[in-house]
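Good morning, and thank you for making time for this item on the agenda. I should like to take you through one model, and I ask that you keep the sequence and the structure in view as I speak.

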Amino acid sequence: MKWHEILIRYGEITTKGRNRKLFINRLKENLRYTFADIPNLRIRSERDRMYLSSEVDTEMEELIERLPHIFGIHSFSPVAQCEPTLEVMKDLAVEIVKGMDYKGKTFKVNVKRSFKKFPMETYELQQTIGSYVLGSLPGMTVQMKNPDIELRVEVREKAVYMMVDVIHGAGGLPIGSNGKALLLLSGGIDSPVAAYYMMKRGVRVEAIHFFSPPFTSDQSLGKVKELCEKISRFGGNIRLHVIPFTEIQQKIQSSVPENVTMTSTRRMMMKVADIVRKEIDAKAIVTGENLGQVASQTLESLAAINDVTTTPILRPLITFDKLEIIEVAQKIGTYDISIRPFEDCCTVFTPANPKTKPRVEKMNYYESFTDFDEMIERAVKNREIHSFPKKKTDEFLDLL
């Protein structure tokens with residue numbers, strides 16, 4: 001069966017009232033960017049539906065495979081199309097079912113008649129098409145609840161659409177429809193999952209990574225780049241800011257008590273991130289922290305870390321346990337990358353007995369003897385920036 005188009009259902013976008021058009025346009029632009037490697041792609045949007053098409057069969061198959069990862073899509077269906085006349089509709093219905101493994105299966109026709117002036121009522125149309133298909137293709141039986149094959153027919157003024165598969169989308173909102181945030185990406189299991197949830201709510205994410213050679217290896221940095229490539233498949237480009245962090249981290253080790261070096265490291269990271277955030281005009285900082293996992297993630301530690309900035313810090317995983325995070329990481333394909341045994345800068349200098357209840361005033365006191373600001377400015381200035389996905393052209397970069 002040759003499907004003419006792919007019909008996309010919006011889901012949550014339909015609740016956006018007067019702003020609906022803005023969200024639809026954002027989704028359309030995201031699709032153009034994500035599928036920039038599909039040269040014959042055509043996109044047509046309407047108030048409650050969007051349609052993708054290509055004259056090349058392999059491109060249609062590629063679209064069907066990749067669409068489930070795009071945020072802002074509730075579900076989609078490959079559809080065939082015909083003119084709104086009964087004889088043509090009956091023939092197309094038979095052609096669709098004939099292309100399936102139909103013998104011995106249960107069957108049902110479900111009609112949605114948006115064009116109310118069509119000269120047959122919905123129930124009458126269901127019976128007529130269903131009877132014709134059953135008469136043309138013996139071996140099926142009718143079953144109204146949970147049939148093996150459900151032929152969906154949508155009657156509109158200018159065309160009729162028929163489909164059998166409804167494929168679930170990623171849900172959420174189109175990336176970029178809720179602004180931009182800067183993600184602290186360590187290379188572990190948690191932060192890519194945090195990125196996934198923020199992107200699902202329509203936030204465009206840029207990432208910042210703290211690199212401490214020779215204490216952390218090129219393989220560790222390579223793992224982070226691979227995670228960015230993986231995350232970008234959800235429908236948006238990712239820029240990665242790689243911060244040279246060795247000088248700052250060594251200074252922390254020599255200037256603050258050992259049991260609070262982890263807290264001080266997180267505070268300096270937050271200061272660096274805040275400068276980068278301002279430069280890229282992001283509105284929030286995102287972390288993969290969850291409450292109580294490690295010493296730097298107690299309420300007292302989080303309060304001490306928050307004290308260095310007034311920027312909103314979003315922690316979408318704060319109530320998750322580790323098993324829940326691992327399950328999502330496996331689902332989105334980042335887990336196998338994250339568990340590769342290359343240490344990041346958060347683990348190479350971990351103190352033996354980290355303080356779990358650091359006091360803000362003491363942290364300020366310990367850090368007051370060192371001019372960290374100068375080192376922070378130097379680190380931000382000397383950062384490297386990489387864009388993902390690597391395979392795409394930048395033709396639509398400014399659209400996201």
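Is M375 buried or exposed? In this predicted model, M375 is buried, with a relative accessible area of 9%. The cut-off for calling a residue buried is under 20%, so M375 qualifies. This methionine belongs to helix α14, which covers residues 372-381. Leaving aside residues up to four places away in sequence, M375 touches E247, I248, K251 and T370. One of these partners deserves a remark: I248 is 127 residues from M375 along the chain, yet the C-alpha atoms of the two are separated by 6.4 Å.

Let me now step back to the chain as a whole. The chain contains 14 helices and 15 strands. Its C-alpha trace spans about 85 × 40 × 40 Å along the principal axes. Of the 400 residues, 52% are buried. Contacts with a separation of 6 or more come, for 79% of their number, from residues 24 or more positions apart; the pair M375 and I248, at 127 residues apart, illustrates such a separation in sequence.

As to the surface, the chain exposes about 18,800 Å², and carbon and sulfur atoms supply 49% of that area. There are 57 positive and 53 negative charges, and their mean positions are 4 Å apart.

I turn next to the helices. Why is helix α5, residues 190-200, described as largely enclosed by the rest of the structure? The reason is that nine of its 11 residues are buried. Among them are D190 and S191 at the start of the list, together with Y196, M198 and M199. After α5 comes G202, whose phi is positive, near 90°.

A second point concerns how two helices meet. Helix α8, residues 261-279, and helix α13, residues 360-367, have axes that come within 11 Å and cross at roughly 80°. The two helices are therefore roughly perpendicular. On the α8 side the contact is made by T263, S264, R267 and M268, and on the α13 side by M363, N364 and E367.

Some of the loops also merit attention. R156 sits in the loop between β7, residues 149-155, and β8, residues 160-163. This arginine counts as buried because its relative accessibility is 14%. Beyond residues up to four places away in sequence, R156 touches E46, D48, R49, Y51, P84, S114, F115 and Y161.

By contrast, N146, in the loop between β6 and β7, is exposed, with a relative accessible area of 71%. Its phi is near 50°, a positive value in a residue other than glycine. D281, in the loop between α8 and β13, is likewise not a glycine and has a positive phi of about 60°.

Finally, which peptide bonds should one inspect as cis? The bond from P213 to P214 is cis, with omega near 5°; P214 lies in the loop between β11 and α6. The bond from F388 to P389 is also cis, with omega near 5°, and P389 is found in the segment after β15.

That concludes the presentation, and I thank you for your attention.

Note on methods
Residues numbered from 1 in each chain as written. Predicted model: local features only at pLDDT ≥ 70, side-chain atom pairs only at ≥ 80, totals over all residues. Heavy atoms only, no water. Helix = DSSP H or I, 4+ residues; strand = E, 2+ residues; numbered from the N terminus. Buried < 20%, exposed > 50% of the residue type's maximum accessible area, 1.4 Å probe, protein only. Contact = heavy atoms within 4.5 Å. Areas by Shrake-Rupley, 256 points an atom, 1.4 Å probe, with all protein chains shown as cover. Lys, Arg positive; Asp, Glu negative; His and termini not counted. Charge placed at Lys NZ, Arg CZ, Asp CG, Glu CD. Axes fitted to C-alpha atoms, helices over the stretch in contact; angles between N-to-C directions. Parallel < 35°, antiparallel > 145°, perpendicular 65-115°, else oblique.
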